[in-house]
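Me: I would like to work through a protein structure step by step, with the reasoning given for each answer. Please let me see the structure before the questions begin.

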Amino acid sequence: MASTLITHIGELATNDPERPGTLGAVTDAALVIEGRTVAWVGPAASAPSPDSVDSVVSVAGRAVIPGFVDSHSHLVFAGDRAAEFEARMSGTPYAAGGIRTTVAATRAATDEQLTAHVGRLVQEMQRQGTTTMEIKSGYGLTARDEARSLAVARQFTDETTFLGAHVVPSGPDGEPGDPTAYVELVTGPMLEAAAPHARWIDVFCERGAFDADQARTILAAGARAGLRGRLHANQLGPGPGVRLAAELGLVAVDHCTYLDDADVAALADSGTVATLLPGVEFSTRQPYPDARRLLDAGVRVALASDCNPGSCFTSSLPFCLALAVREMGMTPAEALRAATAGGAAALGRTDVGRLTPGSVADLVVLDAPDHRHLAYRPGVPLVAAVWRSGRPLGPTAGGV
Ligand code: NIG
Ligand code: FE
């Protein structure tokens, strides 16, 4: 098994709960990779001898962080909605119904076109330091198109989510769809076609999409098919979704923009991770979720991109992290933790989002001395190298 010593690390964020500080950071650090996992982490002064490993990489004082874990994305789609974004920036409000535009384009695309498009977006994510990503369906909305969307997503990640309950699609002549018949389809033949390709099931629980009773029915059907539940909730206004997620003990509930005190208390009591998606508020010109309030109440928080063609077309977690620090009251360390260990928690994972012995060796070398630069230098491409499962990604990733 090949071993590598990465040394001269200015600051190593481990997310090890046994180490002090929000990030369990070690300065003047080193790390040993064996095969695809982390074998040793600690001060460079006590690192294993270079003679004991197959190769040594010096990162010359740069910071090393765990690869980002993006627990929420909608990468399987065709077309874009730049015109909708442009109209929004001149005052047209965001509405859930825009999803139907992308549904038409996605249904018209071939599997090869969808696969090539997802591949490009996955590469875009990786270049910006994301090493684990969740990908949802939700722009097919027929049994066939949801199943093939998930089969496409599965080529890139095991963290695939069936989101047939994204919106009720229009009928063949553009007439409004029948919500009752659609929920029967989602919980019946569509679920049966989708389940073999999915790990999770999600519902857009929001005015204009699905209500709490429908969400409960869909999540229960998903659970019977072996899928774990997650929810989109409280994005566009107050609503019952966050409390439903807490009541059902879901691993994560996403958006969490409009919360009352009872929602916050329910999240703190249940341990359900609140996944915040600040790229959405940026791109829809909405108020940001109050991360400080959630953290102070003891809620576990994740940051994710929500990359999708409608409400937020960014694949960049460094951008989301900078927004979270500037606009949502998070410290740079809290934001980094939320985009790494937080994202892992939102996917029920402990093997990624941290750099501790035994974890997957997914890491990012930053062209910066420490993690604060991610928010301090917004928009600057600070990712110098990305390692995934113990190997450098990309042509230049081996040496920095
Ligand atoms: O997470 N909220 C629902 N789904 C996406 C938006 C989808 C779209 O507008 O195409 C989201 O924001
Ligand atoms: Fe989403």
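Me: How are the donor residues of the iron ion (ligand 2) spaced in sequence?

Reply: This is a predicted model. The protein donors of the iron ion (ligand 2) are His72 (NE2), His74 (NE2), His232 (NE2) and Asp306 (OD), lying 2.1 to 2.3 Å from the ion. Written as a pattern, with x for the intervening residues, the spacing of these donor residues is H-x1-H-x157-H-x73-D.

Me: How many residues apart are His232 and Asp306, and in which elements do they lie?

Reply: His232 belongs to strand 11 (residues 228–233). Asp306 lies in the loop between strand 14 (301–303) and helix 11 (317–327). The pair links distant parts of the chain, the two residues being 74 residues apart.

Me: Are His232 and Asp306 buried or exposed?

Reply: A residue counts as buried when its relative accessible area is under 20%, and as exposed when that area is over 50%. By this criterion, both His232 and Asp306 are buried.

Me: Is Phe319 buried, partly exposed or exposed?

Reply: Phe319 is found in helix 11. Not counting residues up to four places away in sequence, Phe319 touches Phe282 and Thr314. Its relative accessible area is 27%, and values between the limits of 20% and 50% count as partly exposed. Because of that value, Phe319 is classed as partly exposed.

Me: Which residues does Ser359 touch, not counting residues up to four places away in sequence?

Reply: Ser359 is found in the loop between helix 12 and strand 15 (363–366). Ser359 has a relative accessible area of 2% and is therefore buried. Contact requires heavy atoms within 4.5 Å. On that basis, the residues touched by Ser359 are Arg36, Thr37, Val38, Asp351 and Arg354.

Me: What distance separates the C-alpha atoms of Gln214 and Ala165?

Reply: Gln214 lies in helix 6 (residues 212–224), and with a relative accessible area of 19% Gln214 is buried. Leaving aside neighbours within four places in sequence, Gln214 is in contact with Pro179, Val183 and Ala209. Ala165 is 49 residues from Gln214 along the chain, and their C-alpha atoms are separated by 9.1 Å.

Me: What is the volume of the largest cavity?

Reply: A search of the whole structure finds one cavity of 30 Å³ or more. The largest cavity is lined by 14 residues, of which His74, Tyr94, His166, Asn308 and Ser311 lie nearest its centre. By class, this lining has four nonpolar, eight polar and two charged residues. The volume of the largest cavity is about 90 Å³.

Me: Which helix gives the largest share of the lining of the largest pocket?

Reply: The largest pocket has a volume of about 410 Å³. Its lining is made up of 21 residues, and Arg300, Arg337, Ala341, Gly342 and Ala345 lie nearest its centre. By class, the lining has 10 nonpolar, six polar and five charged residues. The largest share, seven residues, comes from helix 12 (residues 332–346).

Me: Where does the largest pocket lie with respect to the domains?

Reply: The domain assignment gives domain 1 (3–67 + 354–395) and domain 2 (68–346). The contact takes 19 residues from domain 1 and 20 residues from domain 2. Both domains give residues to the lining of the largest pocket, so the pocket lies between domain 1 and domain 2.

Key
Residues are numbered from 1 along each chain as its sequence is written. Chains are lettered from A and ligands numbered from 1 in the order in which they are written. This is a predicted model: local features need pLDDT of at least 70, side-chain atom pairs count only at pLDDT 80 or more; totals for chains, interfaces and linings use all residues. Side-chain values use heavy atoms; hydrogens and water are left out. Donors are N, O and S atoms within 2.8 Å of the metal (3.2 Å for Na, K and Ca); water is not among the atoms, so sites may look incomplete. Helices (H or I, at least four residues) and strands (E, at least two) are DSSP runs, numbered from the N terminus. Buried means under 20% relative accessible area, exposed over 50%, partly exposed in between (1.4 Å probe, protein chains only). On a 1 Å grid over the protein atoms alone, a cavity is a set of points where a 1.4 Å probe fits but cannot get out, and a pocket is an open set with protein on both sides within 12 Å along at least five of seven lines; lining residues have an atom within 4 Å of a point. Grid points are joined across faces, edges and corners, and a volume is the space filled by probe spheres set on the points. Ala, Val, Leu, Ile, Met, Phe, Trp, Tyr, Cys and Pro count as nonpolar, Asp, Glu, Lys and Arg as charged, and the others, Gly among them, as polar. Domain bounds come from an automatic or database domain assignment.
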